[in-house]
Amino acid sequence: MNILYTAPSAISGMGVFCNRPLAYEECILSLKGDRVFHDYTPKFAEEGPNWIGIGPNEWIIPPKGSPVLFVNHSCKPNVFINQYLELVAATPLAAHTELLLDYSSTELDPYWEMTCACKNENCRKLIKSFESLPTLLKVKYSYFIHPSFWKKTIEKQWK
């Protein structure tokens, strides 16, 4: 039984929802797709709107039709992509909850940014790379995300 379905989202267009409750840290799906390696440049930041950052200068391009392409951004996420390239629940989720990912938790490109439409009370309005997040938010996310995101931030602070 497929645990995900797409439906209209209150945030933007279509979203991904779970059709049964999900447990804390439950693996929802594994990311698949071609990998892209590239230096950060302003022009390159505009090239892959559906690419997911998985490390420094590295992205994965989910295949057409992958549910992860419909996961909307929220400044209050309930899922993350971990170091094993799995979408995991960051909290227990009730059936029919929309899965929401903070896109900053999957991007290290300093040129990338997008306007936020999440409508959360703590909305950051403009979403940028992981390094732009406040330190406390980085610490909160560090449990779930790929260690290279946190490592790069620490290295920059010590230089």
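Let me start with one residue, E58. At 14% relative accessibility, this glutamate counts as buried, because the cut-off for buried is under 20%. This is a predicted model, so please hear every value as computed from that prediction.

Where does E58 sit? In strand 6, residues 58–61. What does E58 touch, once residues up to four places away in sequence are set aside? R35, V36, F37, I52 and G53.

Now the sheet around it. Strand 6 belongs to an open sheet of three strands, in the order 4-6-5, with antiparallel pairing. Strand 4, residues 34–37, and strand 5, residues 52–55, stand at the edges. Each has a single partner strand, so one side of each is left without a neighbour in the sheet. From one strand to the next, the twist averages 35°. Look at the pairing of strand 4 with strand 6: antiparallel, over four bridges. Within it, R35 stands opposite I60 of strand 6. R35 is also among the contacts of E58.

Next, the hairpin at the start of the chain. Strand 1, residues 4–8, runs antiparallel to strand 2, and five bridges join them. One of the pairs is L4 with C18 in strand 2. Five residues lie between the two strands. In this hairpin, G13 takes a positive phi near 50°. How much of strand 2 is buried? Four of its five residues, 14–18, so strand 2 is largely enclosed by the rest of the structure.

Positive phi comes up again, this time without glycine. Two residues to look at.

The first is E25. Its phi is positive, about 65°, although E25 is not a glycine. E25 lies in the loop between strand 2 and strand 3, residues 27–30. Its relative accessibility is 35%, so E25 counts as partly exposed.

The second is L85. Here phi is positive too, about 60°, and again L85 is not a glycine. Its loop runs between strand 8 and strand 9, residues 86–89. Buried or exposed? L85 counts as buried, at 11% relative accessibility.

On to another loop residue, N78. Its place is between strand 7, residues 72–73, and strand 8, residues 79–81. N78 is at 8% relative accessibility, so it counts as buried. What does the N78 side chain reach? On one hand, the backbone nitrogen of L100, at 2.7 Å. On the other, a polar atom of the side chain lies 2.9 Å from the backbone oxygen of E98. So much for the polar contacts of this side chain. Now the wider surroundings. Leaving aside neighbours within four places in sequence, N78 is in contact with V88, A89, A90, T91 and L93, and also with T97, E98, L99 and L100. Both polar partners, E98 and L100, appear in that list.

Last, the largest pocket. Its volume is about 510 Å³. How many residues line it? 27. Nearest its centre lie P49, N50, W51, Y103 and W112. Which elements give two or more residues to the lining? Helix 1, residues 42–45, strand 7, and strand 11, residues 113–115. Strand 7 we have already met, at one end of the N78 loop.

To recap, with the model on screen. E58 is buried, in strand 6. N78 is buried in its loop, with its side chain at the backbone of E98 and of L100. And the largest pocket has P49, N50, W51, Y103 and W112 nearest its centre. Over to you for discussion.

Note on methods
Residues numbered from 1 in each chain as written. Predicted model: local features only at pLDDT ≥ 70, side-chain atom pairs only at ≥ 80, totals over all residues. Heavy atoms only, no water. Buried < 20%, exposed > 50% of the residue type's maximum accessible area, 1.4 Å probe, protein only. Contact = heavy atoms within 4.5 Å. Pairing = 2+ DSSP bridges. Axes fitted to C-alpha atoms, helices over the stretch in contact; angles between N-to-C directions. Polar contact = N/O pair within 3.5 Å; in protein donor to acceptor, adjacent residues only side chain to side chain. 1 Å grid on protein atoms, 1.4 Å probe; cavity = no way out; pocket = protein on both sides within 12 Å on 5 of 7 lines; lining within 4 Å. Points joined across faces, edges and corners; volume = space filled by probe spheres on them.
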